[in-house]
Amino acid sequence: MTNNIIIVGKPNVGKSSLFNAIVKKNLALVDNTPRYTRDIKKKSFFLLDQEVTLIDSPGLFEPKDKIEEKIIQSIKDQILKSDLILLVFNAKEELSNDDYRLVSLIRKCEKKKIIILNKTEGNYNSEIVRDIEKFGFGLPILISSAHMKSIHLLEEKIFQNLEYKKN
């Protein structure tokens with residue numbers, strides 16, 4: 001049995017680039033267009049010595065039609081099947097209503113969570129760290145998935161949060 005790890009966040013926080021950084025392959029499409037990723041992408045591999053399945057999800061947002069409602073429901077289904085949630089925020093922005101909606105959803109889950117602040121290369125909104133701390137999930141890990149900044153630290157944190165499962 002493998003540990004399922006899902007990456008969630010609103011559109012354009014860098015979920016797909018984080019997925020690619022962790023699996024060390026360009027498997028997920030990366031684009032600056034909001035809502036570009038519309039399907040779930042999975043990759044099983046060994047993280048250190050533990051087999052995991054990493055799941056890249058579309059951005060969570062307020063759905064505008066039936067197709068978007070189905071996308072959101074598929075993300076919620078994958079969250080329920082996951083052992084660990086990587087909750088990603090964009091360090092270049094302020095928190096939005098979509099971020100708060102996502103936090104509300106994740107708060108209801110009885111799952112382990114790692115909070116990630118992505119896009120911390122160069123200048124970023126340092127106030128967002130304090131805002132995220134107020135959620136009560138702990139300090140975020142500051143990374144830049146596009147520049148591979150602190151990905152090894154995130155991998156160690158993921159490994160520390162894994163349940164060791166026998167195959």
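The legends below accompany close-up views of a predicted model.

**Figure 1. Strand E1 and its two parallel neighbours, E3 and E4**. Strand E1, which spans residues 3-8, is joined to strand E3 (residues 50-56) by 5 bridges, and these two strands run parallel. On the pairing with E4, 4 bridges are found, and here too the strands run parallel. Individual bridge partners can be followed in the view: Ile 7 is partnered by Asp 56 in E3, whereas Val 8 has Leu 87 as its bridge partner in E4. Of the 6 residues of E1, 5 are buried, so the strand is largely enclosed by the rest of the structure.

**Figure 2. The surroundings of Ile 6 in strand E1**. With a relative accessible area of 0%, Ile 6 is buried. Leaving aside neighbours within four places in sequence, the contacts of Ile 6 include Ile 55 and Ser 57, and also Ile 75, Gln 78, Ile 79 and Ser 82. Leu 84, Ile 85 and Leu 86 are likewise in contact with Ile 6. The C-alpha atoms of Ile 6 and Asp 56 lie 6.3 Å apart in space, although the two residues are separated by 50 positions in sequence.

**Figure 3. An aromatic cluster that includes Phe 89 and Phe 135**. The search of the whole structure finds 3 aromatic pairs. In the pair formed by Phe 89 and Phe 135, the ring centres are 6.0 Å apart and the planes meet at 25°, so the pair is stacked. Phe 89 belongs to strand E4 (residues 84-90), while Phe 135 lies in the loop between helix H4 (127-133) and strand E6 (141-142), so the pair ties together parts that are 46 residues apart in sequence. Both rings belong to buried residues, Phe 89 having a relative accessibility of 0% and Phe 135 one of 10%. Phe 135 also pairs with Phe 137, with ring centres 6.5 Å apart and planes at 50°, so this pair is tilted. Together with Tyr 100, the residues Phe 89, Phe 135 and Phe 137 form one aromatic cluster.

**Figure 4. The salt bridge between Lys 24 and Glu 155**. Among the 8 salt bridges found in the whole structure, the one between Lys 24 and Glu 155 has its closest N and O atoms 2.6 Å apart. Lys 24 lies in the loop between helix H1 (15-23) and strand E2 (41-47), and Glu 155 in helix H5 (residues 151-160), so the pair ties together parts that are 131 residues apart in sequence. The two partners contrast in their accessibility: Lys 24 is exposed, with a relative accessible area of 54%, whereas Glu 155, at 13%, counts as buried.

**Figure 5. Further salt bridges, beginning with Asp 98 and Arg 101 in helix H3**. The closest N and O atoms of Asp 98 and Arg 101 are 2.5 Å apart. Because these residues stand 3 positions apart in helix H3 (residues 97-107), they are separated by about one helical turn. Arg 101 counts as partly exposed, at 38% relative accessibility. In a separate salt bridge, the side chains of Asp 131 and Lys 134 meet at 4.0 Å, N to O. Asp 131 is partly exposed, with a relative accessible area of 22%, while Lys 134, at 68%, counts as exposed. Elsewhere, a network of salt bridges links Lys 10, Glu 93 and Asp 99.

Terms used:
Residues are numbered from 1 along each chain as its sequence is written. This is a predicted model: local features need pLDDT of at least 70, side-chain atom pairs count only at pLDDT 80 or more; totals for chains, interfaces and linings use all residues. Side-chain values use heavy atoms; hydrogens and water are left out. Buried means under 20% relative accessible area, exposed over 50%, partly exposed in between (1.4 Å probe, protein chains only). Contact means heavy atoms within 4.5 Å. Rings of Phe, Tyr and Trp (its six-membered ring) pair if their centres lie within 6.5 Å; planes under 30 degrees apart count as stacked, over 60 as edge-to-face and the rest as tilted. Two strands pair if DSSP finds at least two bridges between them.
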